[in-house]
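Please look over the structure below with its interior packing in mind. The briefing that follows begins with the nonpolar core and then turns to the overall build.

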Amino acid sequence: MICIPIIDTTTDRVIENMRKASLIADLLEIRVDHVTDPDLEKILSARTKPVIITIMPEYENGSFKGTEEERVSLLKQAVYLGADYVDVNLGCAELKNLIKNRGSAKIIVSYHNFEETPDDLDIIYNKIKSTGADIIKIATSANKLSDNLKILRLVKKRDQDMIGICMGQTGEISRILAPLYGSYLTFASLQKGRESAPGQIPAETLKNIYRINDLNPQCNIYGIIGNPVNKSKGYILHNCLFKLYSLNNIYLNFQVNDLEDFTGNFPDMLSGFSVTMPHKQNIMHYLDKTDPVAEKIGAVNTVVNRDGKLTGYNTDMTGAIKALLSKTEIKNRSVTILGAGGAAKAIASGIIEEGGKLTILNRTVEKADLLAQDLNCNSGPIAEFKKIRTDILINITSVGMHPDTSESPVDTSLVREMVVFDAIYNPAKTRLLKEAEKNNCIIISGMEMFINQSAEQFRLWTGIQPDTNLLRDIMQWN
Ligand code: NAP
């Protein structure tokens, strides 16, 4: 079940938000500790979905300003008025009494840890169980990705109703996977920017993109590893494709700060994954096999798990070259690449393979020189751009990417009557592309590369070659 917490300051505004949230949520949590004029009777009679009444004290990171007696009195009132669920923190002195006199309400006994995910979760679980709780809630903070596994394992082996969550950006996957493992519910925000806890995902996304109400524990798990990953749009594209092709698969964002923690704990449970910066090179140390193209480029952006053996591929190169070839020939054309990072390496190899005459320009010239040495082509600083002949200009720096969309990697008055490809896909049309278009250039958006490389990833994982027009439509709708 998807539960949306309602956090607002007045009873009337809570009721207004309850109406909106009831359209998508299975149940609502009313955070009464934020309400300055709490009228529980009014709130409970306005419900159209089951509600959890939660009144968190300040010592539990809540906002209730009254005394503990006043808080307990409100909790008792919630039980008396027939709330569907009442959340009582494990440390509440009146917990026993509230459980004994719970009437028709189910008591959720909750443990929160805002610092870490401790190792002794079993002890905490049993302590809560011994109180006679109807539902056990354990919410901890994920400092590393493997903290999610501690919670997921606990949820899987639970012997009574339980809610398990890891909070924080690193804990995001627990909010999606815990319900698949049997968590009683998962918390979601009403909309982006209205999260009641870090890492919460909008309910609309959980329902329509991740399909958590439809998937089952046997589903194949895919995802992207990177740091950061929250700017990636792969979760939209791959989850929509899984839905359209009726596959029991899910694609998640894995915020990986520590690659060893990921490789030591997760690959066995994944059927495949995308890799983004800064892990494209280092992931190669942990693979069983690397495809020759990825080996040559020296970077992997796609991993396939076949019977426990991990094989790395690079779909960035073919994705970019396909996008270019749809608009221009490359052979014998003067191609200037701006950038010498991971993606530049892949695209530069492709340009050489297609017979382009390549120059690599980069802010850090030494990196451009090193790459040019490997590929036997020219290099220099970005300022050289005005001096060199360019038929095809490719930007593979991050300059112009959201949120710095007013920036351009070169003086756009110099960009005239050439083919211009910008690898950035957020925004789909960068300032460089907009101004190049005005100057009679043929432009190619990074979205085309993203679509091509994602289609190839999808084929490697599922054996299905998706129609790229389908991918274009998905990216346009979302
Ligand atoms: P990366 O390895 O971190 O490389 C970043 C590149 O940008 C480096 O050459 C860096 O120069 C340069 N750069 C960063 N800030 C700069 C600035 N202020 N001025 C000038 N140059 C700057 O990243 P990557 O993986 O290669 O990605 C590069 C771009 O390609 C990103 O925008 C990414 O979104 C895009 N990309 C798109 C797709 C797609 O499917 N469309 C796929 C992969 C990547 P230094 O070497 O001097 O630091």
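The largest nonpolar core, meaning a set of buried Ala, Val, Leu, Ile, Met, Phe, Trp, Tyr and Cys residues joined through side-chain atoms within 4.5 Å, has 109 residues, where buried stands for under 20% relative accessible area with a 1.4 Å probe and protein chains only. Those with the most contacts inside this core are Ile30, Ile53, Ile138, Phe254, Phe262 and Ile283. The model is predicted, so local features need pLDDT of at least 70 and side-chain atom pairs pLDDT 80 or more, whereas totals for chains, interfaces and linings use all residues. Residues are numbered from 1 along each chain as its sequence is written, and side-chain values use heavy atoms, with hydrogens and water left out.

**Cores**
- Helix H16, spanning residues 446-462, gives the most to the largest core, with 7 residues; helices are DSSP runs of H or I with at least four residues, and strands are runs of E with at least two, numbered from the N terminus.
- At least three residues of this core come from each of domain 1 (2-218) and domain 2 (224-314), with bounds from an automatic or database domain assignment.
- Apart from this core lies another, of 31 residues, among them Ala320, Ala323, Val419 and Ile444.

**Around Phe262**
- Beyond its neighbours within four places in sequence, Phe262 is in contact (heavy atoms within 4.5 Å) with Leu145, Ile225, Phe254, Val256, Pro267, Leu270 and Phe273.

**Overall build**
- The protein has 17 helices and 21 strands, and 56% of its 478 residues count as buried.
- Among contacts between residues at least 6 apart in sequence, 62% join residues at least 24 apart.

Methods:
Buried < 20%, exposed > 50% of the residue type's maximum accessible area, 1.4 Å probe, protein only.
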